[in-house]
Amino acid sequence: MDVSDLKSLFGEVKKRMDAQIEHVRRELGGVRTGRASVNILDTVHVEAYGSAMPVNQVASLSIPEPTLIVAQPFDPSLLGAVEKAIRSANLGLNPTNDGKVVRIPLPALTEERRKELSKLVHKYAEEGRNGVRQVRREANDRLKKLLKDHKISEDDERKGLDEVQKITDAHVALLDEIQKKKDAELLSK
């Protein structure tokens, strides 16, 4: 963090903490709940044209029913590759292809699987909180350095530390809320 005034420091802190929250939201989007979401296929890469490409770049993904995802490859010759990639992605999905599209039915989640996914949700949320705390630590170090270099007064440093803590608390509370919401989605049948 290379900032010389408090206002730009707070802006930088907020921007970096917001990025942590967005990252957690993306990670949690890939965690499967009871209903279909194309985000669960974000980690799937298809061998196409000599390289591994994300499945959403080689096929159009849609959700015609709450427990079904349909992948329609832009190039019909990739039908088998898309099916194989989804099957080998270790998502617990069993795709089938009818010659035109790949149908991916989502099996009902077992109680055991729900608990595993809940642990994963907690892990992602904790990683997000740790990222937010890391940003706070760097900001506090920067404030101490500004004080040492006589660029701010002790009062400004104290106000700055308080403000960074307020921003941190708000972001941690938001992560807690996101985690609770995802847990409720997962554990409600």
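**Exercise 1. Find out which element gives the largest share of the lining of the largest pocket, then describe that pocket.**

*Solution.* Start with the share: α4 comes out on top, with five residues of the lining. Before going on, a word on what we're working with. The model is predicted, so local features need pLDDT of at least 70 and side-chain atom pairs count only at pLDDT 80 or more, while totals for chains, interfaces and linings use all residues. Numbering runs from 1 along each chain as its sequence is written, and side-chain values use heavy atoms, with hydrogens and water left out.

Next, the terms. Helices (H or I, at least four residues) and strands (E, at least two) are DSSP runs, numbered from the N terminus. A pocket is an open set of points on a 1 Å grid over the protein atoms alone, where a 1.4 Å probe fits, with protein on both sides within 12 Å along at least five of seven lines; a lining residue has an atom within 4 Å of a point.

Now the elements: α1 (6–29) and α4 (111–148) each supply at least two lining residues. In total 19 residues line the largest pocket, and E27, G30, V31, T43 and Y124 lie nearest its centre. By type, the lining splits into seven nonpolar, six polar and six charged residues; here Ala, Val, Leu, Ile, Met, Phe, Trp, Tyr, Cys and Pro count as nonpolar, Asp, Glu, Lys and Arg as charged, and the others, Gly among them, as polar. Finally, the space inside is about 480 Å³, a volume being the space filled by probe spheres set on the grid points, which are joined across faces, edges and corners.

**Exercise 2. Work out how the elements of the protein chain run from the N terminus on, and how spread out the chain is.**

*Solution.* Count first: the chain has five helices and six strands. Their order is α-β-β-α-β-β-α-β-β-α-α. Then the spread: the radius of gyration is 22 Å, well over the 16 Å that the globule rule gives for 189 residues, so the chain is more spread out than a compact globule. (That radius is taken over C-alpha atoms, and the rule is 2.2 Å times the number of residues to the power 0.38.) Along the principal axes, the C-alpha atoms fill a box of roughly 70 × 40 × 20 Å.

Burial comes next: 38% of the 189 residues count as buried, where buried means under 20% relative accessible area, exposed over 50%, and partly exposed in between (1.4 Å probe, protein chains only). As for contacts (heavy atoms within 4.5 Å), take those between residues at least 6 apart in sequence: 63% of them join residues at least 24 apart.

**Exercise 3. Take the salt bridges of K15, R87 and K145, and name each partner.**

*Solution.* Side chains of opposite charge can pair when their charged atoms come close. The cut-off here is a side-chain nitrogen of Lys or Arg within 4 Å of a carboxyl oxygen of Asp or Glu, and the structure holds twelve such bridges.

- K15 pairs with E12 at 3.8 Å, N to O. Both sit in α1, three residues apart, about one turn of the helix. K15 is exposed at 56%, and E12 is partly exposed at 24%.
- R87 pairs with E83, with 3.0 Å between the closest N and O atoms. They're four residues apart in α3 (residues 79–88), about one helical turn. R87 is partly exposed at 41%, whereas E83 is buried at 16%.
- K145 pairs with D149 at 2.9 Å, N to O. K145 is partly exposed at 43%, and so is D149, at 33%.

One last step: shared partners join E126, R129, R133 and D176 into one salt-bridge network.

**Exercise 4. Say where G128 is found and what surrounds it.**

*Solution.* G128 belongs to helix α4 and is buried, with 1% relative accessible area. Setting aside neighbours within four places in sequence, G128 contacts Q20, V24 and L175. V164 is 36 residues from G128 along the chain, and their C-alpha atoms are 17 Å apart.

**Exercise 5. Check the phi values of Y49 and H150, and place both residues.**

*Solution.* Most residues other than glycine have a negative phi. Y49 has a positive phi, near 55°. Y49 lies in the loop between β1 (45–48) and β2 (51–54) and is exposed at 62%. H150 also has a positive phi, about 60°. H150 lies in the loop between α4 and α5 (154–187) and is exposed at 73%.
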